[in-house]
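Colleague: I have the file open. Walk me through the labels, and tell me what stands behind each one.

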Amino acid sequence: MRRPGGYRAGDTVAVFGVGPVGLVHVAKAALTGAGRVVGIDRFPARLRIAEALGATDTVVVADSGERAATDVRTLLGGGADVVVDATGHPSSFGPALSLLRDGGTLLEVGAFVDLGTIPINPADILGRNLTIVGVAGEDARVYDATLQLLAEHHDRVPFHLAVTHRFPIEQAEEAMHTALGAGDAMKVIIVPASEAG
């Protein structure tokens, strides 16, 4: 019986949206023994970073999430055991559910702000025996294990690749525009002028 939430060794994990939050889930799935980790995003630069952090496969979302769901199900010969929806937009929730195999688990980690509602048929969830877990990261009981995992593997997981831009404090406005522009930007940081580059 699958436990609600989390990954198990050998699982097929699909991460929908490999921005900063999704990248951490790619790395954690790879480190905890996932058999296959699929990164899904509309920006190829983000997918290249996901590969460096442990994604075994990547899929570019060209038009709609539904198309990506079909492509991933074909790639996997069925659905994923675990899908992490890290896009931050409600429109990906339905396609994320359709990425799951029957009995799979959806981890919703990206919907931090209310961007609207979407129609979902509860019969689809019940009929396929799906588990949905909302994870906002506020549970302090999980930090110790996660920090230990990072400490054990900090030398082999290139998390520094997620920092794509550095700006001096004098260019804070440009830094904000860059960060909000997505595309090639992941983590945009503001540093003392002597460290910018």
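**Strands, helices and a cavity**

Modeller: Keep in mind that this is a predicted model. Start with strand E3, residues 57–60. Asp57 and Val59 form its covered face, while Thr58 and Val60 form the uncovered one.

Colleague: Why do the faces take turns along a strand?

Modeller: Because side chains in a regular strand alternate between the two faces of the sheet.

Colleague: How do you know that strand E2 and E3 pair?

Modeller: Pairing takes at least two bridges. E2, residues 36–41, and E3 have four, in the parallel sense. Therefore they count as paired. Within E3, aspartate 57 stands opposite valine 38.

Colleague: Why is the crossover from E2 to E3 called right-handed?

Modeller: The chain leaves E2, passes through helix H2 (residues 44–52) and reaches E3. Point the strands away from you: the label requires a clockwise path from the first strand over the helix to the second. This β-α-β crossover is right-handed, so its path runs clockwise in that view.

Colleague: What is the strand order in the open sheet?

Modeller: Six strands, E3-E2-E1-E4-E5-E6, with parallel pairing.

Colleague: What makes E3 and strand E6 edge strands?

Modeller: Each has a single partner strand, so one side of each is left without a neighbour in the sheet. E6 spans 131–134. From one strand to the next, the twist averages 20 degrees.

Colleague: How do you know that strand E5 is a partner of E6?

Modeller: Same test, at least two bridges. E5, residues 100–108, and E6 share four bridges in the parallel sense, so the pair passes. In one of them, leucine 106 has isoleucine 132 of E6 as its bridge partner.

Colleague: Which strands does helix H1 lie across?

Modeller: H1, residues 20–31, lies across E1 (12–16), E2 and E4 (80–85). The angle to E1 is about 170 degrees. Angles run from 0 to 180 degrees between N-to-C directions, so H1 and E1 point in nearly opposite directions. H2 packs on the sheet too, touching E2 and E3, and makes about 170 degrees with E3.

Colleague: How many cavities of 30 Å³ or more are there?

Modeller: One, from a search of the whole structure. The volume of the largest cavity is about 40 Å³.

Colleague: What makes that space a cavity rather than a pocket?

Modeller: A 1.4 Å probe must fit but be unable to get out, whereas a pocket is open. The largest cavity is lined by Val24, Ala27, Lys28, Leu31, Thr146, Leu149, Leu150 and Phe159.

Colleague: Which elements give two or more residues to that lining?

Modeller: H1 and helix H6 (143–153). H1 supplies the largest share, four residues.

Note on methods:
Residues numbered from 1 in each chain as written. Predicted model: local features only at pLDDT ≥ 70, side-chain atom pairs only at ≥ 80, totals over all residues. Heavy atoms only, no water. Buried < 20%, exposed > 50% of the residue type's maximum accessible area, 1.4 Å probe, protein only. Contact = heavy atoms within 4.5 Å. 1 Å grid on protein atoms, 1.4 Å probe; cavity = no way out; pocket = protein on both sides within 12 Å on 5 of 7 lines; lining within 4 Å. Points joined across faces, edges and corners; volume = space filled by probe spheres on them.
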